[in-house]
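This report describes how the strands and helices of one chain are arranged. It takes the sheets in turn and then the packed helix pairs.

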Amino acid sequence: MAESRVMNFGAGPSALPESVLEEAAKGLLNFNGTGIGIAEISHRSKEFTAYIAGVEAQIRQQLDVPPTHTILFLQGGGTAQFSAVVLNMLARYRLLHPELDDEEHVMDYVLTGSWSKLAAQEATRLANGARVNIAVDARSLSADGKSFDRIPPHDAYAFSDDPALIYYCENETVSGVEFSHDESAPESFPFELLPKDALLPLVADYSSSFMSRPIPRLADHAIIYAGAQKNLGPAGLTIAIVRQDCIVDVDAATRLGAVPVPTGLAYKTFADQKSMPNTPPVFAVYVTGLVLKRNAELGGVAYYEALNKRKQEKVYQALRVGEEKGLFRGHVKLGSGSWMNIVFEVLGDGAEARFLAGAEAQGMKGLKGHRSVGGIRVSLYNAITEEQTDKLVAYMQEYIEQAQPPLPSEVGPVQ
């Protein structure tokens, strides 16, 4: 199989370990010795219910999820969670503060990229009189006032006193911006600015970095969610880690004036029925379980943290050399760059097309940047090996050695 496969640096659905794909192919014909394929078996069967419970246990163990939090298997991706987060957290806030009018409800959003921007737009759609407070907008700090190219410094944030939720996206796949896990770094999330001695309504989108390294202050979060299609499995499965006080009776909140929450978006619906009020994405759950089993054998998130640190350091080092030669230009300011998605321009007329063609000739695909940003995007999800990363870095170095610096007229303005 390996001879016919290329190196997939795409942003998602992303590469999966070949050993997992081979095992999954067997499961399509015969799941765990049942004689029935995983895509055919009843999700209510004892074999699958045992399997999904094992997947939950693996996540809980590998991420050290505390017993205060419930793990849910959902569908609809991040887009559905943009809505679910708002509706469930406003329902919770209504139950906590029945005396307050809708206009006194506030939701805080941290904007660092395209996905957090879309999440805030959905919150505005569903606010029902509540106010969406933009705690910080990173675009205002960029040279052109419109680019997401950095994590804001801590003194730029303005959180509300008692918000119904505080929302941020840990890693932005489009622009390649990520919060630092070093809490002493200015690019870290400003946990110290949040209310003390309270159950924080902190919500994080971890879709593109889930399981790539430990989650800082996981227990302090109300909700963490992630699509499986970056580091864990096929598209179709969304994993949510929800603190139990945020799994509320949404119908009771509606009777007090909250917006009705669709059954398919209510966390309580899924928590009460072990993530199976209807048929879950069975195959995606299956592959996710295979990936988690392999992760555990390798050493879990500690193993991937060390591996991913080495991978991104190698690519950023090659990028810096290309910048010094006037051939590359990174999209993100130093210190704010993502470990998972490294975004840069190849400078010069026709240079990007030549770079991509050369990469594809060497078996590297999925490197073209998002349509809204352009350029090159290198996605280094867990399944991208260090050997594959080294091959990409070698190609970048080869390009740097052979290319001619562009003329000033070909470079364009610095954002």
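Over residues 7–392 the chain is 35% helix and 16% strand, and the C-alpha atoms at the two ends of this stretch are 9 Å apart. The model is a predicted one. An unreviewed UniProt entry places the feature "domain: Aminotransferase class V" at residues 7–392.

**The sheet of 7 strands**

An open sheet of 7 strands follows the order β2-β10-β9-β8-β5-β3-β4, and its pairing is mixed. The strands β2 (69–74) and β4 (131–137) stand at the edges with a single partner strand each, so one side of each has no neighbour in the sheet. Direction ignored, neighbouring strands of this sheet are turned against each other by 15° on average.

Inside the sheet, strand β3 (residues 106–111) and strand β5 (residues 165–169) run parallel and are joined by 3 bridges. Tyr109 has Tyr167 of β5 as its bridge partner. Helix α2 (residues 46–63) packs on the sheet, where it touches β2 and β10 (238–243), and the direction of α2 makes about 130° with that of β2. Helix α4 (residues 114–126) lies across β3, β4 and β5 and runs at about 160° to β3.

**The sheet of 3 strands**

An open sheet of 3 strands has the order β11-β12-β14, and its pairing is antiparallel. Its edge strands are β11 (328–330) and β14 (376–379), each of which pairs on one side only. From one strand to the next, the twist averages 35°.

Strand β12 (residues 341–346) is joined to β11 by 3 bridges, and the two run antiparallel. Gly330 has Phe344 in β12 as its bridge partner. Helix α8 (residues 300–324) packs on this sheet and touches β11 and β12; the direction of α8 makes about 125° with that of β11. Helix α9 (residues 351–361) also packs on the sheet, touching β11, β12 and β14, and its direction makes about 125° with that of β12.

**Packed helix pairs**

Two packed helices are described by the angle between their axes and the distance between the axes. Two pairs are listed here.

| Helix pair | Angle | Axes | Contact residues by class |
|---|---|---|---|
| α1 and α7 | roughly 140° | within 10 Å | 8 nonpolar, 2 polar, 2 charged |
| α8 and α10 | about 5° | 9 Å apart | 9 nonpolar, 2 polar, 5 charged |

The axes of helix α1 (residues 18–29) and helix α7 (residues 282–298) cross at roughly 140°. That angle makes α1 oblique to α7, because angles over 145 degrees are needed to count as roughly antiparallel. The crossing of α1 past α7 is right-handed. On the α1 side, the contact is made by Ser19, Val20, Glu23, Ala24, Gly27 and Leu28, and on the α7 side by Phe283, Tyr286, Val287, Leu290, Val291 and Arg294.

How do α8 and α10 pack? Helix α10 (residues 386–402) packs with α8 at an angle of about 5°. The two helices are therefore roughly parallel. In this contact, α8 residues including Leu307, Arg310, Lys311, Lys314 and Val315 meet α10 residues including Glu386, Thr389, Asp390, Leu392 and Val393. The residues of the contact divide into 9 nonpolar, 2 polar and 5 charged.

Helix α8 thus has a part in two of the arrangements described: α8 packs on the sheet, touching β11 and β12, and α8 also packs with α10.

Key. Residues are numbered from 1 along each chain as its sequence is written. This is a predicted model: local features need pLDDT of at least 70, side-chain atom pairs count only at pLDDT 80 or more; totals for chains, interfaces and linings use all residues. Side-chain values use heavy atoms; hydrogens and water are left out. Two strands pair if DSSP finds at least two bridges between them. Helices (H or I, at least four residues) and strands (E, at least two) are DSSP runs, numbered from the N terminus. Axes are lines fitted to C-alpha atoms, for helices over the stretch in contact, and angles run from 0 to 180 degrees between N-to-C directions. Contact means heavy atoms within 4.5 Å. UniProt positions are given in the numbering used here, feature names are shortened, and annotations may be inferred rather than shown by experiment. Angles under 35 degrees count as roughly parallel, over 145 as roughly antiparallel, 65 to 115 as roughly perpendicular and the rest as oblique. A crossing is left-handed if the near helix is turned anticlockwise from the far one by less than a right angle, and right-handed if clockwise. Ala, Val, Leu, Ile, Met, Phe, Trp, Tyr, Cys and Pro count as nonpolar, Asp, Glu, Lys and Arg as charged, and the others, Gly among them, as polar.
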